[in-house]
Amino acid sequence: MSLQNKVVKGVFWSAVESWGRQLFSFIVFALLARLLEPDAFGIVALASVFLGFLQLFLNQGIGQAIVQSNNLDEADLNTAFWANISLNGIITIIGISTASFAAKFFDEPALTPIIQGLSLTFVLSAFGNVQQALLEKELQFRALAIRSIVAIFLGGLVGITMAFGGYGVWSLVGQQLTNSLFQVIVLWFLSDWKPGLKLSLKNSNMLITFGLGETGFKLFDYLSRRGDDLIIGYFLGATALGYYTIAYKILLVMTETLITVTSKIALPAFSKIQDDKERLRKSFYTATQITSLVAIPAFLAVSVLSKDLIEVVFGSQWLPSAPVMSVLALVGVLQSVSYFNNSVLLALGKPYWRLGFMSASGIANILAYLLAVKWGILAIASAYVARAYLFSPIPLIMIKKLINIEFLTYFKNLRCTFFSSLTMTLIILAIKALADDIVPARVLLCICIAVGSLSYIGLIYLFSPSLLQKIFLMLNSAVPKKTQV
């Protein structure tokens, strides 16, 4: 099977994994949001801020190194596996023993047992890291799709059952622990690779070098992605963080569903053609163009429909989250065209370039959050979006240096998508202006989505039919063909 067919099939199964996982998790999340109070989500978010910091020291980028390298043998994989088990076990013990300090820092006594319970996810996840990396390396996303969907379904079942039973915030803990446990169980069942006792240090320097760059990246990525939770939790409290968490969850679900589907394929696919710069450049253009075609209109639609979405999906008690969601969705527009930058940097063995950019972004985010926090969660969301757009040209300059992309070609590929998306957004706003006070929220939301989608597809067909044809050809190559005898 050619690399192109492997990539297309990988995208298909990555889509099944991401969409199936996000569908189940979003349904569970919406049900739990109706059953639990905002402070329950805020407390778990605070725990995640603390545990997210400890998680920086896990895995050490070994998974990405396994995907990127073509020079690892069985002993190297065994070494990576047992190193992960040891390190994650140590971090689990640290998380349990330091939980009380985090509770005092955030002035939330209820945090201590929550952090201790969630710390167990560290040691559970260690048992599947190498297997997952090997499956990703070989573009075996079918197994990963099955693993994710089964684990999320069972975790959600446990969480909802506990919520109905009156367990409150512990429903979210039970959901995450069950999810982590079955992620590993199903992964071991589906993966052909099993660890052995033969160890080797032959390629340890390569793994460590790659891993240190990845760990440094994760540190500043943590400041960039979790700094807002940290600042909100410390200065504004668990309830404000609960409202912010709901809005940010939508951004994460959409990013995973619309963008990460193809970005998961990008690193192993780009790594296989890292020596062919011309082919890599064309693949980068195509990945960015296809992903933005779907993601940009979706994020803009959510931005203008945030109030209706919050009220219909989560309930009117979560309406303070709507303005935050509207602002955060604008970051998704940027991510739609920039998510593959990291894949190129990693595929070409430049983790420290990515580290430099992320360190600057993380520091800038923290400073922006500290300046904005006195105006509340909407100001923090706005600061995040403003920083992201100000820094967006930097990765493109790096990519140009590595594979010599042409900015004119890059933006020309996105021209039709941007124009059609903005036109669709204006149509949705016009519908809302005419019918907002007349039509019920559920009906209005359905009308806006239907009319917006049809108008967007029509505009793409009118101005760029070749783009739709390219997608149909890619989808057709993913369908198994009958073999002739």
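Helix α19, residues 377–391, has 15 residues and spans 22 Å from its first C-alpha to its last, close to the 21 Å expected at 1.5 Å a residue. The model in which this helix is found is a predicted one. Along α19, the buried residues are Ile-377, Ala-379, Ile-380, Ala-381, Ala-383, Tyr-384, Val-385, Arg-387, Ala-388 and Phe-391. An α-helix has 3.6 residues a turn, so residues three or four places apart point the same way. Ile-377, Ile-380, Tyr-384, Ala-388 and Phe-391 are among the buried residues of this helix, and Arg-387 is also one of them.

The wider setting is helical: the protein chain has 23 helices and 0 strands. Of its 485 residues, 56% count as buried. Among contacts in the chain with a separation of 6 or more, 85% are accounted for by residues 24 or more positions apart.

**Nonpolar cores**

The largest nonpolar core holds 97 residues, and those with the most contacts inside it are Tyr-244, Phe-284, Phe-314, Leu-328 and Ile-403. Helix α12 provides the largest share of this core, with 12 residues. A second, separate core of 18 residues includes Cys-416, Met-424, Ile-428 and Ile-460. Returning to Ile-403 of the largest core, and not counting residues up to four places away in sequence, Ile-403 touches Lys-277, Leu-280, Arg-281, Phe-284, Val-344 and Leu-348. Phe-284 is thus named both as a contact of Ile-403 and as one of the residues with the most contacts inside the largest core.

**Cavities**

A search of the whole structure finds 2 cavities of 30 Å³ or more, and the second largest cavity contains about 30 Å³ of space. Its lining is made up of Ala-247, Ile-250, Leu-251, Met-254, Phe-299, Val-302, Met-325, Leu-328 and Ala-329. At least two lining residues are supplied by each of α12 (238–258), α14 (277–304) and α16 (322–338), and the largest share, 4 residues, comes from α12. By class, the lining of this second largest cavity has 9 nonpolar, no polar and no charged residues. Leu-328 is one of the lining residues and is also listed with the residues that have the most contacts inside the largest nonpolar core. Helix α12 likewise appears twice, giving the largest share of that lining and the largest share of the largest core.

**Loop residues**

Three residues in loops between helices can be set side by side.

| Residue | Loop between | Relative accessible area | Class |
|---|---|---|---|
| Asp-107 | α5 (99–106) and α6 (111–118) | 64% | exposed |
| Asn-404 | α20 (393–403) and α21 (407–435) | 48% | partly exposed |
| Ser-464 | α22 (441–463) and α23 (465–478) | 14% | buried |

Most residues other than glycine have a negative phi, and most peptide bonds are trans. Against that background, phi of Asp-107 is near 55°, a positive value in a residue other than glycine, and phi of Asn-404 is also near 55° and positive.

Why does Ser-464 count as buried? Ser-464 counts as buried because its relative accessible area is 14%, and buried means under 20%. Leaving aside its neighbours within four places in sequence, Ser-464 is in contact with Cys-416 and Leu-459. Cys-416 is, in turn, one of the residues of the second, separate core. For Asp-107, the relative accessible area of 64% explains why this residue is exposed, because exposed means over 50%.

Methods
Residues are numbered from 1 along each chain as its sequence is written. This is a predicted model: local features need pLDDT of at least 70, side-chain atom pairs count only at pLDDT 80 or more; totals for chains, interfaces and linings use all residues. Side-chain values use heavy atoms; hydrogens and water are left out. Buried means under 20% relative accessible area, exposed over 50%, partly exposed in between (1.4 Å probe, protein chains only). Contact means heavy atoms within 4.5 Å. The expected span of a helix is 1.5 Å times one less than its number of residues. On a 1 Å grid over the protein atoms alone, a cavity is a set of points where a 1.4 Å probe fits but cannot get out, and a pocket is an open set with protein on both sides within 12 Å along at least five of seven lines; lining residues have an atom within 4 Å of a point. Grid points are joined across faces, edges and corners, and a volume is the space filled by probe spheres set on the points. Ala, Val, Leu, Ile, Met, Phe, Trp, Tyr, Cys and Pro count as nonpolar, Asp, Glu, Lys and Arg as charged, and the others, Gly among them, as polar. A nonpolar core is a set of buried Ala, Val, Leu, Ile, Met, Phe, Trp, Tyr and Cys residues joined through side-chain atoms within 4.5 Å.
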